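Trainee: I am new to this structure, and I would like to learn how each term is justified.
Mentor: Then let us look at it together.

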Amino acid sequence: MKYKILHENKGRIRFHVIQRNPMSMKEADVLEYYLSETPGVTACRVNHRNGHAAVEYSCTKEEFLQALEAFSYDRMKTPDHVFLHSSREEDSRRREKIVGEIAKDVMIGILPAPLQAACSVYGYYRKLNAAS
């Protein structure tokens, strides 16, 4: 695996995964599983949006970097339960919903008052019909 070390302290390292395409949620889950199962790693987090990983380890830095360089998505056998318990997709859907709500509020905010009122009435009407 190719990577670039962004920051490091004693027992902690943050790096960027260098790959051709942006990191997918599944790839992030696979990498996080591999890192968590690596001997000497005490904690890890992988961010699929920016391709960064933060790892805390108790082994030597050289041992950790050797294990990191040995990683490959193709050779990694990941159990199914890793993907079942991943919260990345749910977080992504929640984030998209929040952004959509904010965009809607901004768009309504720039409309004239009569159109804002009409949008509010229509929104209440949709909620009432959805509840029944």
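The talk below takes up the fold, the core and the overall form.

Mentor: This is a predicted model, in which local features need pLDDT of at least 70 and side-chain atom pairs count only at pLDDT 80 or more, while totals for chains, interfaces and linings use all residues. Residues are numbered from 1 along each chain as its sequence is written, and side-chain values use heavy atoms, with hydrogens and water left out.

Trainee: What pattern does the protein chain follow along the sequence?
Mentor: The pattern is β-β-α-β-β-α-α-α-α, with five helices and four strands, where helices (H or I, at least four residues) and strands (E, at least two) are DSSP runs numbered from the N terminus.

Trainee: Why is a set of residues called a nonpolar core?
Mentor: The name applies because its members are buried Ala, Val, Leu, Ile, Met, Phe, Trp, Tyr and Cys residues joined through side-chain atoms within 4.5 Å, buried meaning under 20% relative accessible area with a 1.4 Å probe and protein chains only. The largest such core here has 24 residues, and F15, L35, V55 and F64 have the most contacts inside it. The element that gives the most to this core is α1, with six residues.

Trainee: How do you know that the protein chain departs from a compact globule?
Mentor: The radius of gyration, taken over C-alpha atoms, is set against a globule rule of 2.2 Å times the number of residues to the power 0.38. For 132 residues a compact globule would have a value near 14 Å, whereas the protein chain has 22 Å. Its C-alpha trace spans about 65 × 30 × 25 Å along the principal axes.

Key. Buried < 20%, exposed > 50% of the residue type's maximum accessible area, 1.4 Å probe, protein only.
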